[in-house]
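Please read the following explanation with the sequence and the 3D view side by side, since it moves from a ligand site to the strands and helices of the same chain.

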Amino acid sequence: MGSRFRFVNVVLYGAVSLWSLFVLLPLVWMVIASSKTRREIFLDPLGLPAQFRLDAFERAWSVGMGTFLFNSAIITFFSVIVIVVVSGMAAYVLARSDNKWMQLVYLMIVAGFAVPVQAVLVPLFQMVSEAGMLNSRAAIVLPYAAYGVPFTTILFYAFFLDFPRELEEAARLDGCGRLQIFFRIILPLSGPAIASAAIFQAVFIWNEFVLALLMLTKPALKTLPVGILQLTGEFTADWPAIMAGLSIAVLPILLIFILAQKYFVRSLAGLGK
Amino acid sequence: MPHLEIKNLVKKYGDFTAVKDVSFAVEQGEFVVMVGPSGCGKSTLLRSIAGLEEISSGEICINGRDISRDEPSDRGVAMVFQNYALYPHMTVRQNMGFALKIAGAPKREVNEAVERAAAILRIQEQLDKRPKALSGGQKQRVAIGRAITRSPDVFLFDEPLSNLDAALRSQMRIELGRLHTELGATMVYVTHDQTEAMTMASRIVVLHDGIIEQIGTPLDLYNEPHNRFVAGFLGSPRMNFIEARAEQSREGMVSVSAPGLDGSLRIKLKAGADAPAPGEKVTVGVRPEAFGEHDAGGWTIKGSIAVIESLGRETLVYLDGGQVRATDSESHEGYFAVHRTRQITARHGDGLTVTVDPNAVFLFGPDDETIAFPQSHHSIIHNQV
Ligand SMILES: Nc1ncnc2c1ncn2[C@@H]1O[C@H](COP(=O)(O)OP(=O)(O)OP(=O)(O)O)[C@@H](O)[C@H]1O
Ligand SMILES: [Mg+2]
């Protein structure tokens, strides 16, 4: 058994390593390219730069990366908060109700998950514009939240179905009302589910491009993905600066992901139950 | 006035009625144990008292006040769950003080109540641990402590010891008994473990399919069960039942005979019982300890030992009676359970003869109601010297 087992292991690890390389190499290339000159990128795309330089980062920063970073952070933060609170409470009520209308509501939320962003882009833009909310942070936080709620509700729903009922019953006997049960018992024990929902949504919102491009045209409000676009002109593009900008954009979310991946993996693994 | 009174309680789940018109009363300071087979509605009844299930009809009164529509926390009850239901994110201290904190009690008062309960349960050292760091027995103590800090009118327990191992269970049984005397509190306790019921109860409520079969003190139920169900439910190993037919009856005595057994058993009917008509089906019940060793004018069962369990101080023998079988027996093969309060050196296959004394048996009529009890419980003890 031993040698056969080892052989399977080697194959599995080999496959996973290859796959990791495949995913990681572009990232590595991005970082390396950001310290090349424009000439080097085109003449020797795969080589190392002759000289390690940081001026591309300076050029990227000078178009307002700081502002974009700040905007992205604020918008991601508030969207995720809205998503977690709204889906958490909705999922809790749905998971605890036997009412068949509630089941229908849940079905509709699940169906909402299947609607692609592009399909509703135009009406969404018109709605936001009619409401006079273009070029405000709310104009992007609300749609992001709306897109995030279905998936997160499904995630929380599955989690709450497995939540031990006795704890809630004990809390009822201890005098908690519904809201108190939710905020004092359920939420504090939902750490893994919240963490994974938050990471998932944060990554999506942080990287989202189309909606942000449409809703936010004022430079002062732009998020990172849209802001970086300013580094490309009509005829020329400052590729090292773009790569530097992307590196700056990727770093924070990568850090968060690495720090919290334990919860993320655990909660997604739980979904398969 | 009874302390807790249940009147005509009905609980339905859709078309299924889990509790059917149950009424009983519990006096202040009583320890009432509800027993019954799985699915008979014990938990449902208890949860209805706690307010975790909405009842379909009936009344639940504590101190004369109808609480059946009150919120669980306003009923003056505290419940201890089978799997403890401690809040994992709180320390033991926070767990125990949570109800008082929610009720808005001042910090000092909460602390005092927690300390007092912790002292009663001897868990002072555990107060700052999380539930995860506790053993099963400690967790159950904390769960009980959580109930005590609320100083409720009625304590409710739903199989609180069934997650513990045997040694810990008997230790906690004694502990709970001590607690009951110490607090003088009214307690309603659900279990399917009859040892717990027999040892702890001031009174036992036997439930079956959502109705009460009998209420009484443990010895009442053991000595004078109203029907075959109660007789078979209490006692371990259970009572041996022998299917029989009534013959003629006269002057409060009835003769019964069973296939495979020579002669007939002349049994004295209990006062007021209707004698079964000749030919009607009756059941003779013999407690394992009531089998005699000398002929006392009744039946003699000659058989061989199928299983022998030597427990040191006592011995249990499962007797294979050949054609004569016990119905509804603990062993599926219909062996007779025989109990002896001494050591017996015998082996599987050895022959053994036991006798059935007509004065030491129960008799159940065609409708399974008890129509005859053993004449004296002393005669049982007499028989086994
Ligand atoms: N929520 C529910 N919906 C439908 N039926 C239920 C529900 N809860 C309990 N029942 C039914 O009611 C009956 C009584 O259940 P209950 O839990 O009270 O039994 P129990 O006596 O506590 O049994 P056990 O010893 O196994 O705990 C069972 O037949 C059960 O299937
Ligand atoms: Mg139960």
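Sorted by class, the residues in the shell around ligand 1 comprise four nonpolar, six polar and two charged ones, in a model that is predicted. The residues that surround ligand 1 are B:Tyr13, B:Phe16, B:Ala18, B:Ser38, B:Gly39, B:Cys40, B:Gly41, B:Lys42, B:Ser43, B:Thr44, B:Glu159 and B:His192. In terms of secondary structure, β2 (16–26) and α1 (42–50) of chain B each contribute at least two residues to this shell, and α1(B), with three residues, gives the most.

Which distances separate oxygen atoms of ligand 1 from N or O atoms in the side chains of B:Lys42 and B:Ser43? For B:Lys42 the distance is 2.8 Å, whereas for B:Ser43 it is 2.6 Å. A polar atom in the side chain of B:Thr44 likewise lies 2.5 Å from an oxygen atom of the ligand. Taken on its own, ligand 1 has 640 Å² of accessible area, of which the protein covers 59%.

Turning to the strands, chain B contains an open sheet of six strands with mixed pairing, arranged in the order β6-β7-β8-β3-β9-β10. Its edges are formed by β6 (77–80) and β10 (211–216) of chain B, each of which pairs on one side only, and from one strand to the next the twist averages 20°. At the β10(B) edge, the pairing with strand β9 (residues 203–208) of chain B is antiparallel and extends over five bridges, with B:Val205 standing opposite B:Ile215 of β10(B). Helix α4 (residues 136–149) of chain B packs on this sheet, where it touches β6 and β7 (154–158) of chain B, and the direction of the helix makes about 175° with that of β6(B).

A further set of pairings in chain B involves strand β16 (residues 299–310), which runs antiparallel to strand β19 (residues 351–356) and is joined to it by six bridges; here B:Ile301 has B:Val354 in β19(B) as its bridge partner. β16(B) also pairs in the antiparallel sense with strand β17 (residues 315–320) of chain B, again over six bridges, and in that pairing B:Glu309 is partnered by B:Leu316 of β17(B). What do β16(B) and β17(B) form together? They form a hairpin with four residues between the two strands, and B:Gly312, which belongs to the turn, has a positive phi of about 90°. When following side chains along such elements, it helps to recall that in a regular strand they alternate between the two faces of the sheet.

Note on methods: Residues numbered from 1 in each chain as written. Chains lettered and ligands numbered in written order. Predicted model: local features only at pLDDT ≥ 70, side-chain atom pairs only at ≥ 80, totals over all residues. Heavy atoms only, no water. Near = heavy atom within 4 Å. Polar contact = N/O pair within 3.5 Å; in protein donor to acceptor, adjacent residues only side chain to side chain. Areas by Shrake-Rupley, 256 points an atom, 1.4 Å probe, with all protein chains shown as cover. Nonpolar A, V, L, I, M, F, W, Y, C, P; charged D, E, K, R; others polar. Pairing = 2+ DSSP bridges. Axes fitted to C-alpha atoms, helices over the stretch in contact; angles between N-to-C directions. Contact = heavy atoms within 4.5 Å.
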